[in-house]
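Me: I would like to learn how empty space inside a protein is read from a model. Could you take me through it slowly?

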Amino acid sequence: MEPLLELKGVKKYFFVQAGFFKKTTKVAKVIDGVSFKISESKTLGLVGESGCGKTTLARLILALFKPTEGEIFFNRARLDRILATVYLRKCFRKDVQAIFQDPVSSLNPRQRVENIIKEPFIVHEESHSRDIKKRVIELLGTVGLNEKFLKKFPHELSGGENQRVNIARALALKPKLIICDEPLSSLDLTIQARLINLFLDLQRDFKISYLFISHDLRVIERISDDVLVMYLGKICEYATWRDLYNQPLHPYTKILMSSLIKGKRLLAKGEIPSPTEPPPGCNFHTRCPFAMKICKEEEPKLLSHNDRLISCHLYNNPKFCDNKICPEGVV
Ligand code: SF4
């Protein structure tokens, strides 16, 4: 199946400049060579600690940032070419929508729900004004709200209801892809469960694809087809959710997954380093419980191993696996 979204070797560096001549003093490698695909009606879960580059990646796909290097394709067309044409740019803005973490601050507090959901129709000159209200009511119904909410302001709604309004607004223009950046993290567990079901129902009914960013592995497990684990701007492991949850292999994935098993929690040493000073070799070596000499000297490549992609010397180098240093099954 042709991918709807494809990233090829995407990098995003931020240059820290100082002094009168604006000399570059530091380079923050926030995204450093990321490649993946999302097909129609599929969900890619993206996990990693704060500071690993998840939100920057979302902004690159939404064309809010330009990549420093690499290519992004949407519907087989290169994103920079799409953005250079007024008509294609408009289609892209309709086809790719976003839902963000804080449901309340994502909505204009001075607008009623009706106007909030109407806005995309007006901006994109979709529908005649008499039809818009009908479509707004339909959208409210789709996300489990009703006409009573039309005249309410965001502060009169609960967190879950506000997020439903955000989802209704994102659905207004029948998008193909929705970038969900931690959309459930500020909500309680019962509301999270209901909204996950809503996301799955919408995917089945409207064939929407999601890039679902979350630090909550239980949410990712329920919603994802494939999962990408990122650390300091690079991919550690890229696998189907089933493979990843049945047997996490990369030491960083094992540490993240151990939080799901009571009494078996593993902790990475220290803090995530700054992207302006990433460690040499494997960027996880300063925190990895399995780090070896080679890890400090040589960067592991992202290679195929057991039906997944993994970047770790333990799996890339048969010498280590043959000597049983390979920590499969440690967790
Ligand atoms: Fe750990 Fe080395 Fe693998 Fe990096 S390459 S994750 S430091 S074992």
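Me: How many cavities of 30 Å³ or more does the count come to by this rule?

Reply: Rolling a probe the size of a water molecule over the atoms shows where empty space is left. A cavity is a set of points, on a 1 Å grid over the protein atoms alone, where a 1.4 Å probe fits but cannot get out; grid points are joined across faces, edges and corners, and a volume is the space filled by probe spheres set on the points. In this predicted model, the count comes to one cavity of 30 Å³ or more.

Me: How much space lies in the largest cavity, and which residues are the closest to its centre?

Reply: The largest cavity holds about 80 Å³ of space. Its lining, meaning residues with an atom within 4 Å of a point, has 13 residues, of which Pro251, Cys282, Cys288, Cys295 and Cys312 are the closest to the centre.

Me: Where does the ligand sit, and which residues surround the ligand?

Reply: A molecule sits in a cavity if more than half of its atoms lie within 2 Å of its grid points, and here the ligand sits in the largest cavity. Residues near the ligand, with a heavy atom within 4 Å of it, include His250, Phe284, His285 and Leu314.

Me: What should I know about numbering and confidence?

Reply: Residues are numbered from 1 along each chain as its sequence is written, and side-chain values use heavy atoms, with hydrogens and water left out. Local features need pLDDT (the predictor's confidence in each residue, from 0 to 100) of at least 70, side-chain atom pairs count only at 80 or more, and totals for chains, interfaces and linings use all residues. The protein has a mean pLDDT of 89, with 95% of its residues at 70 or more.

Terms used. 1 Å grid on protein atoms, 1.4 Å probe; cavity = no way out; pocket = protein on both sides within 12 Å on 5 of 7 lines; lining within 4 Å.
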